[in-house]
Structure formats: C-alpha cells, structure tokens
Amino acid sequence: MKKEVLSDIEAKRYARHISLKHFGLEGQLKLLNSKVLIIGAGGLGSPVALYLAAAGVGTIGIADGDEVDISNLQRQIIHSTDEIGVSKVVSAKKSINTLNPDINVITYDTFLDETNMIKIIQEYDFIIDGTDNFKSKFLINKCCVKANKPFSHGGIQKFNGQTMTIIPHQSACYACVFNSPPPEGSVPSASVTGVLGSIAGMLGTIQATEAIKYLIDYGELLTNKLLIFDATTMDFDKVNFQKNPDCKICGKKA
Ligand SMILES: [Zn+2]
C-alpha cells in the first residue's frame, strides 16, 4: 500500500531528510515507497543495506547464499561475531531491523542465477551489485538490461574501488565499458590479493547515495562515467564512456 503521510515517529526519525532542501517530505515518501534489491550481503552490501535502511527505503531485498565467516568481519560490518555460521541474509535482516524496525526486509538465501535473477529483479525499483566476481557482475548487467532495471555497479580490490550507475537503454552498460569477463582464474580474487576493509565502506556508501538520488530523482547520477579511486593517495577520477552501439548486451544487435 502506498504511503502518503508520515507518522509522528517517522517525521522525527527522518527529520534531517525532511529539512534537507531538494529532499523534503516528498523525497522521504518516495524512499518509503521504494524497493531496492541488494545482491550480495558482503563488503559492499553491508554499508549499502545499513544506509538504505537508515534512510527509510521501505522495502529492501537482500540476496546471498553464503554464511558468515570470521574472515568476513574485517569489512562486512552488517554481520557480527555472534553471527558466525549463520546465513548472511538472516544476519543482515537482523541488523537492518535493529537499526530500523519499519523496513520490510525480503531475504533470498541463495546465489542468484540467470533464471531466478530476472524474476526477482522485476519486483524492485533499483538494484545494487554488491558481488565480488566478474561472472556475477556480467550476469547482473545482462539481467538488469533485459528487465530494464537501473542498477549500481561496484567493485573493490586491494586499496582501489570503482563504481558506475547504469540506466539500461539510456546510458552505457557494464558490458559497454568492460566488454566481457576476463578468462576464469586470470584475475586473482580478494581472498588472494587482500582488500582494505574500510574501502568497502567508501564504495558502498557511494552506491547507497546513487540509489537514493535515483529514487528521489535529484542530482546527477554516475551514468556514462566510471568513478575510480585509489585510497593510498585518495585520488578520485571519473572516466567518461559512451553507450557502445555494438554492445552485445545493450546494443542494436543484442
Ligand atoms: Zn552495453
């Protein structure tokens, strides 16, 4: 049911949004009536889920088939030590609802594949790619283009992060920029190269901010540009891209 007024408690909880110019009561109602799906309850999914929950995104879907491991806790701040061995989506839901009990959390305790992903993403307004491997990232891009769902791509490695926002059929997609996944095993995973825990927070909060901007329809999204940062120097750069007409995912011949 669409929410059209705020309760007194909600007005207090979201007071800093309501007093914010260009956000206001209208923006808050848009968030409360929005649905965001976060794919991956890990390093990126953690800050995204917590900030979207705090912001009052009415429905948050969270998909992950993994369980909490002690090695996750260095960066996956939605989970805690007493959740080791527990399903990540169960642990994430508990943290989200501790922060904000009004959020409707829908959990998918599974790794999404092409068949279930297309079906699930239909239910949402915006998708967050919080995965940690190229195969999943290309699959999310393919499904979001097919289902015409906007999404935020995010990736972290070592001391570096990158993110872009994709509005299918309007802006460059992930495959316009990166073409195809690198051969399996050619790029070492974070478990091999390591990753600075705090950069998951840096990148994830940018993804959460992009989702909120899209949902309240304010500001300029990171479309047609890849934001990259190097935390060792704190250099942030934006690299411009165009939609590739020959892209095999979103191009004319796709
Ligand atoms: Zn494309």
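Helices here are DSSP runs of H or I at least four residues long, numbered from the N terminus. By that count, helix H4 ends just before Gly56, a residue with a positive phi near 95 degrees. The model is a predicted one.

Taken as a whole, the protein has ten helices and eight strands. A compact globule of 254 residues would have a radius of gyration near 18 Å, and the protein comes out at 18 Å, so the two agree. Along the principal axes, the C-alpha atoms fill a box of roughly 55 × 45 × 40 Å. Buried residues account for 43% of the 254. As for contacts with a separation of 6 or more, 67% of them link residues 24 or more positions apart.

The strands come together in an open sheet of eight, ordered E3-E2-E1-E4-E5-E6-E7-E8, with mixed pairing. Strands E3 (104-108) and E8 (235-240) sit at the edges, each pairing on one side only. On average, neighbouring strands of this sheet are turned by 15 degrees against each other, direction ignored. Generally speaking, strands of a sheet pair through backbone hydrogen bonds, either parallel or antiparallel. E1 and E2 go for the parallel option, over five bridges; within this part of the sheet, Leu37 has Gly61 of E2 as its bridge partner.

Now for the helices. H4 lies across E1, E2 and E4, and its direction is at about 165 degrees to E2. H5, for its part, lies across E2 and E3 and runs at about 170 degrees to E3. H4 is mostly covered, with nine of its eleven residues buried; among them are Pro47, Val48, Leu50 and Leu52. The packing partners of these buried H4 residues are H3, strand E1 (35-39), strand E2 (59-63), helix H5 (88-99), strand E4 (126-129) and H10. Helix H3 (residues 24-32) has its own buried stretch, made up of Gly27, Gln28, Leu29, Lys30, Leu31 and Leu32. The cover over the buried H3 residues includes helix H2 (15-18), helix H4 (45-55) and helix H10 (197-216).

Further along the chain, Leu227 is found in strand E7 (residues 225-230). Leu227 counts as partly exposed because 18 other C-beta atoms lie within 10 Å, where 20 or more would make a residue buried. Leaving out residues up to four places away in sequence, Leu227 touches Gln162, Thr163, Met164, Ile206, Leu222, Phe236 and Lys238. Val187 is 40 residues from Leu227 along the chain, and their C-alpha atoms are separated by 20 Å.

Technical notes
Residues numbered from 1 in each chain as written. Predicted model: local features only at pLDDT ≥ 70, side-chain atom pairs only at ≥ 80, totals over all residues. Buried ≥ 20, exposed ≤ 12 C-beta atoms within 10 Å, placed from the backbone. Helix = DSSP H or I, 4+ residues; strand = E, 2+ residues; numbered from the N terminus. Contact = placed C-beta atoms within 7 Å. Rg over C-alpha atoms; globule rule 2.2 N^0.38 Å. Pairing = 2+ DSSP bridges. Axes fitted to C-alpha atoms, helices over the stretch in contact; angles between N-to-C directions.
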